Structures are given as structure tokens and as C-alpha cells.
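I opened a fresh page for this chain and meant to look up its overall layout before turning to single residues. The sequence and the model go here so that I can follow the entries against them.

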Amino acid sequence: MHQNKALTVCPVCSHGMTITKLSCANCKTTIEGNFMFSKFNYLDEEKLYFIEIFVKNRGNIKLIEKELNLSYPTVKKMLDETISALGYNVSAEAETNVSEVLDLVKSGDLSVAAALEKIKK
């Protein structure tokens, strides 16, 4: 049975949609009322896929880089965009993960001097 993604925005007037009816495909039970969407319903397919890969790899940026064949900065940018899309603020002064900085130095993506500056902040 083909299922479409729930529309969260009206295609006619662009206002938010609500879920008013749920039904069971197996026993045909139907429940009517007003139901909430999850924050994840508002994400586009690319961000949902990123979250899936992120969880699958337990947040290990190196593994995510390999699986998606992307650079560290691109993965971090995607993570920040996903966090923002979920309605959270992404601080430019986020805590520096020393092991991530050292990984960048090891891979040649960051100089030792730049790494020291990043860690000092």
C-alpha cells in the first residue's frame, strides 16, 4: 500500500494543516479528532535522511563523512541546518570537541595553529 507523506502546509493558502482522522489499514478502525504533527514531519526528505544516518552512526561524524562521502565541514553544516530546522538555536560559539579538532588536524583539514586557536576558545 503506497503512503504519502503528511502535508503540514496547505497547498492552497499556505497555512498549517492539522490531522483530523486516523485509520487502521488492518481492522479499519477510524479515530477522528485533532492530532499534532511531530517536529520531524516538517523536515524535508534530505534532513530526515541525514538524521537517519546520524542515528545509525551514533553521531560519529567520521562515520557519517564516510557513509555520505562528504567532508567534515559539510557534515557539520548539515547538522547545524537540521538542528535549526527543528527549531533550536545553533550557537556559533558551540563547545569545541577536542577529539574532533584533533581528527581534523590528523586528516590535514586543519592546521595545528588553527586547532590551538579553536581549542583555546
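In what order do the elements of the chain run from the N terminus on? I note first that the model is a predicted one, and in it I read the order as β-β-α-α-α-α-α. Counting by type, I have 2 strands and 5 helices in the chain.

Entry on overall dimensions. I looked up the radius of gyration, which is 20 Å for the chain, whereas a compact globule of 121 residues would have one near 14 Å. The C-alpha trace, taken along its principal axes, spans about 65 × 30 × 20 Å.

Entry on surface and burial. I found an accessible surface of about 9,500 Å² for the chain, with 55% of that belonging to carbon and sulfur atoms. Of the 121 residues, 20% are buried. I also checked how contacts are distributed along the sequence: of those between residues at least 6 apart, 32% join residues at least 24 apart.

Entry on charge. The chain carries 15 positive side chains and 15 negative ones, and I have the centres of these two sets 3 Å apart.

Entry on the strands. I followed strand 1 (residues 19-23) and strand 2 (residues 30-35), which run antiparallel and are joined by 4 bridges. Ser23 has Thr30 of strand 2 opposite it. Between the strands of this hairpin there are 6 residues, and I noted that Lys28 takes a positive phi there, near 70 degrees.

Entry on Thr20. This residue belongs to strand 1, and I looked up its surroundings with residues up to four places away in sequence left out, which gave Ile31, Glu32, Gly33, Asn34 and Phe35 as the residues that Thr20 touches. Is Thr20 buried, exposed or partly exposed? I enter Thr20 as partly exposed, because its relative accessibility is 42%, and that value falls between the 20% limit for buried and the 50% limit for exposed. I also took the separation of Thr20 from Ile83, which lies 63 residues away along the chain, and their C-alpha atoms are 28 Å apart.

Entry on Lys47. I located Lys47 in helix 1 (residues 45-56). Why does Lys47 count as buried? Its relative accessible area is 19%, and the cut-off for buried is under 20%, so I enter Lys47 as buried. Which residues are in contact with Lys47, once its neighbours within four places in sequence are set aside? I listed Glu81, Thr82 and Ala85.

Key. Residues are numbered from 1 along each chain as its sequence is written. This is a predicted model: local features need pLDDT of at least 70, side-chain atom pairs count only at pLDDT 80 or more; totals for chains, interfaces and linings use all residues. Side-chain values use heavy atoms; hydrogens and water are left out. The radius of gyration is taken over C-alpha atoms; the globule rule is 2.2 Å times the number of residues to the power 0.38. Buried means under 20% relative accessible area, exposed over 50%, partly exposed in between (1.4 Å probe, protein chains only). Contact means heavy atoms within 4.5 Å. Accessible areas come from the Shrake-Rupley method with a 1.4 Å probe; for residues, only the protein chains shown count as cover. Lys and Arg count as positive and Asp and Glu as negative; His and the chain ends are not counted. The place of a charge is taken as NZ of Lys, CZ of Arg, CG of Asp or CD of Glu. Two strands pair if DSSP finds at least two bridges between them.
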